[in-house]
Amino acid sequence: MKAEVSVLSPRVAYLDHQRLVLNVDNSVLKQRIAALSQDKIFKDAHQEALKGEIERLKQMYYQQTMQKKMENGSNPTHHHDSPIADHANAQEQLMIN
């Protein structure tokens, strides 16, 4: 029995040490996951804010385009255009720029 204990004791000590190392690694990984989760939340919120800003700028561009067309109302080539077509043209211009 003593021989068995003396043979297994170093193995148990090694495995206990490995368990401690793995617990530390696990803790570090959990902290990393938490940090990445927070970063993702921030980036998702930032992306949504940017999408809102894009929509706001598109609307502003559309309104300015419509205002310019109204100011240049004497241009006969645009009298038959609908606001929907104007909006499509404004979006096309945004894609080009």
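Trainee: Why is Val-12 called exposed?

Mentor: This is a predicted model. In it, Val-12 has 53% relative accessibility. Exposed means over 50%, so Val-12 counts as exposed.

Trainee: Where is Val-12 found, and which patch does Val-12 help form?

Mentor: Val-12 is found in helix α1. Together with Val-7 and Leu-8, Val-12 forms a nonpolar surface patch of about 290 Å² accessible area.

Trainee: Why is Thr-65 called buried?

Mentor: Its relative accessibility is 18%. Buried means under 20%, so Thr-65 counts as buried. Thr-65 also sits in helix α1, which covers residues 2-71.

Trainee: What makes Thr-65 and Tyr-61 a polar contact?

Mentor: A polar atom of the Thr-65 side chain lies 2.7 Å from the backbone oxygen of Tyr-61. The cut-off is within 3.5 Å, so the distance fits.

Trainee: How do you know that Lys-51 forms a salt bridge with Glu-48?

Mentor: Their closest N and O atoms are 3.6 Å apart. The limit is within 4 Å, so this pair counts as a salt bridge. Both residues lie in helix α1, 3 residues apart, about one turn of the helix.

Trainee: Why is Lys-51 called partly exposed?

Mentor: Lys-51 has 44% relative accessibility. Partly exposed lies between the 20% and 50% cut-offs, so Lys-51 fits. Glu-48, at 48%, is also partly exposed.

Trainee: What makes Glu-53 and Arg-56 a salt bridge?

Mentor: The closest N and O atoms of Glu-53 and Arg-56 are 2.7 Å apart. That is within 4 Å, so the pair qualifies. The count comes to 6 salt bridges.

Key: Residues are numbered from 1 along each chain as its sequence is written. This is a predicted model: local features need pLDDT of at least 70, side-chain atom pairs count only at pLDDT 80 or more; totals for chains, interfaces and linings use all residues. Side-chain values use heavy atoms; hydrogens and water are left out. Helices (H or I, at least four residues) and strands (E, at least two) are DSSP runs, numbered from the N terminus. Buried means under 20% relative accessible area, exposed over 50%, partly exposed in between (1.4 Å probe, protein chains only). A polar contact is a pair of N or O atoms within 3.5 Å; within protein, one must be able to donate a hydrogen and the other to accept it, and residues adjacent in sequence count only if both atoms are side-chain atoms. Patches are made of residues with over 30% relative accessible area and no salt bridge: like charges are joined within 9 Å, nonpolar side chains (Val, Leu, Ile, Met, Phe, Trp, Tyr) within 5 Å. Accessible areas come from the Shrake-Rupley method with a 1.4 Å probe; for residues, only the protein chains shown count as cover. A salt bridge is a side-chain nitrogen of Lys or Arg within 4 Å of a carboxyl oxygen of Asp or Glu.
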